[in-house]
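Subject: A structure for you to look at

Hi,

Here is the structure I said I would pass on. Have a look around it first, then read my notes below.

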Amino acid sequence: MHPTRHAAQRIAPVAPGGGPVRRSPRMQPTLVAVAHGSRDPRALPAALALLDRIRELRPRLDVRLGHIELNRPLLAETLRDATGAAVLVPLLLGRGHHVKRDLPAAAARAAHLDTRVAAPLGPHPLLVEALYERLLEAGRAPGTGTAVVLAAAGSRDPDSAADTRRTAALLSERLGGAAVVPAYASAAAPTVPDAVRALTARGHHRIAVASYFTAPGRFATQCAAAAPGPAAAPLGDHPALARLVLQRYDEALARQLTPLPSAAPLKLATA
């Protein structure tokens with residue numbers, strides 16, 4: 001873990017003379033990357049490494065981290081310390097409960113900010129590129145005919161499942177037509193072991209697991225343990241993921257930033 005970098009997320013910037021930075025009205029809104037949070041000690045360093053890549057791509061942008069639960073800073077803390085305008089970019093991969101309900105509610109409670117909520121990261125070709133390269137790193141050679149289980153967290157929201165299925169279809173195309181089956185760690189079917197059994201019954205004897213998670217955690221570890229062959233690492237700080245976070249930010253920013261009505265639901269920016 002990086003306690004110094006973690007603390008830096010919550011400290012206001014300081015001018016060279018020692019006083020607080022005076023923000024220009026023309027400064028871009030803060031990018032608040034919203035991670036889920038995990039008890040896995042590797043999760044926070046992974047999120048911070050991704051934010052470092054985002055800052056390398058856009059050094060003048062104020063980029064901060066907030067968690068829905070389990071890790072500090074919590075999203076409410078990050079929003080409390082922000083000023084002016086902010087764009088919440090969920091480090092989440094589909095249109096589940098957190099994206100549709102929790103993030104707009106958190107934005108509405110931050111009445112001192114002009115806030116927008118960006119679309120979730122998936123589905124998107126940049127995610128597929130990251131998944132593809134993580135599979136190569138794990139030993140899934142291109143053109144081998146290995147089938148793939150796309151292991152995701154799972155959600156009861158049908159839109160989330162549709163997003164995962166779309167990502168599976170895009171990954172299949174990227175793999176030259178290889179079989180790619182979505183599977184879930186919770187709340188949806190099939191599970192990763194069930195998907196492996198189904199692929200085996202269809203005659204696939206080389207099966208890899210693609211980790212459709214932005215950071216290490218219990219679900220990612222559970223899914224990798226069920227892999228009969230190569231198990232890819234979570235997306236982590238893959239460069240394509242950093243570019244995608246900025247793309248979602250820019251898409252949300254393209255809409256006019258207006259004060260958020262405290263009682264009205266926040267409209268999500270879409271790709």
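What follows is a walk through what I found, from the whole chain down to a few single residues.

**The whole chain**

First, keep in mind that this is a predicted model. The protein chain has an average pLDDT of 87, and 85% of its residues score at least 70. Two stretches fall well short of that average. Over residues 1–25 the pLDDT stays under 50, and the model gives this stretch 35 contacts beyond four places in sequence. Residues 257–271 also have a pLDDT below 50, with 33 contacts in the model beyond near neighbours in sequence. Where pLDDT is low, the predicted coordinates should not be read in detail.

As for the overall make-up, you should find 9 helices and 7 strands in the protein chain. Half-and-half is a handy way to remember burial here: 50% of the 271 residues count as buried. If you take the contacts between residues at least 6 apart in sequence, 76% of them join residues at least 24 apart.

**The sheet with three strands**

Try finding S5, S6 and S7 next. These 3 strands make an open sheet in the order S6-S5-S7, with parallel pairing. Why is one side of S6 and of S7 left without a neighbour in the sheet? Strand S6 (180–184) and strand S7 (207–211) are at the edges and have a single partner strand each, so there is nothing beside them in the sheet on one side. On average, neighbouring strands of this sheet are turned by 30 degrees against each other, direction ignored.

Strand S5 (residues 147–152) pairs with S6 in the parallel sense, over 5 bridges. To see the pairing residue by residue, look for Ala-183 in S6, which is the bridge partner of Ala-151. Ala-152, in turn, stands opposite Tyr-184 in S6.

Is S6 enclosed or open to the outside? 5 of the 5 residues of S6 are buried, so this strand is largely enclosed by the rest of the structure. You can check this face by face: Val-180, Pro-182 and Tyr-184 are buried on one side, and Val-181 and Ala-183 are buried on the other. That fits a general pattern you may have met in lectures. In a regular strand the side chains alternate between the two faces of the sheet.

Two helices lie across these strands. Helix H5 (residues 125–138) lies across S5 and S7, and runs at about 130 degrees to S7. Helix H6 (residues 158–174) lies across S5, S6 and S7, and runs at about 150 degrees to S6.

Ser-211 is worth a click as well, and you will find it in strand S7. Its relative accessibility is 5%; the cut-off for buried is under 20%, so Ser-211 counts as buried. Which residues does Ser-211 touch, leaving aside its neighbours within four places in sequence? The contacts are Leu-131, Ala-151, Ala-220, Ala-232, Ala-233, Pro-234 and Leu-235.

**The sheet with four strands**

There is also an open sheet of 4 strands, in the order S2-S1-S3-S4 and with parallel pairing. Strand S2 (63–67) and strand S4 (114–117) are at its edges with a single partner strand each, so one side of each has no neighbour in the sheet. From one strand to the next, the twist averages 25 degrees. Strand S3 (residues 85–90) and S4 pair in the parallel sense over 4 bridges, and Val-87 has Arg-116 in S4 as its bridge partner.

Helix H2 (residues 43–57) packs on this sheet, where it touches strand S1 (30–35) and S2, and its direction makes about 155 degrees with that of S2. H9 lies across S1, S3 and S4, running at about 135 degrees to S3.

Helix H9 (residues 239–253) also holds Ala-240. With a relative accessible area of 1%, Ala-240 is buried. Leaving aside neighbours within four places in sequence, Ala-240 is in contact with Leu-126 and Ala-130. Ala-240 and Leu-131 are 109 residues apart in sequence, yet their C-alpha atoms are 9.6 Å apart in space.

**Rings**

How many aromatic pairs does the structure hold? The count is 0. There is a charge over a ring, though: Arg-174 lies over the face of Tyr-132, at 3.8 Å from the ring centre.

Happy browsing!

Definitions and conventions
Residues are numbered from 1 along each chain as its sequence is written. This is a predicted model: local features need pLDDT of at least 70, side-chain atom pairs count only at pLDDT 80 or more; totals for chains, interfaces and linings use all residues. Side-chain values use heavy atoms; hydrogens and water are left out. pLDDT is the predictor's confidence in each residue, from 0 to 100. Contact means heavy atoms within 4.5 Å. Rings of Phe, Tyr and Trp (its six-membered ring) pair if their centres lie within 6.5 Å; planes under 30 degrees apart count as stacked, over 60 as edge-to-face and the rest as tilted. A charge sits over a ring if NZ of Lys or CZ of Arg is within 6 Å of the ring centre and within 35 degrees of the ring normal. Two strands pair if DSSP finds at least two bridges between them. Helices (H or I, at least four residues) and strands (E, at least two) are DSSP runs, numbered from the N terminus. Axes are lines fitted to C-alpha atoms, for helices over the stretch in contact, and angles run from 0 to 180 degrees between N-to-C directions. Buried means under 20% relative accessible area, exposed over 50%, partly exposed in between (1.4 Å probe, protein chains only).
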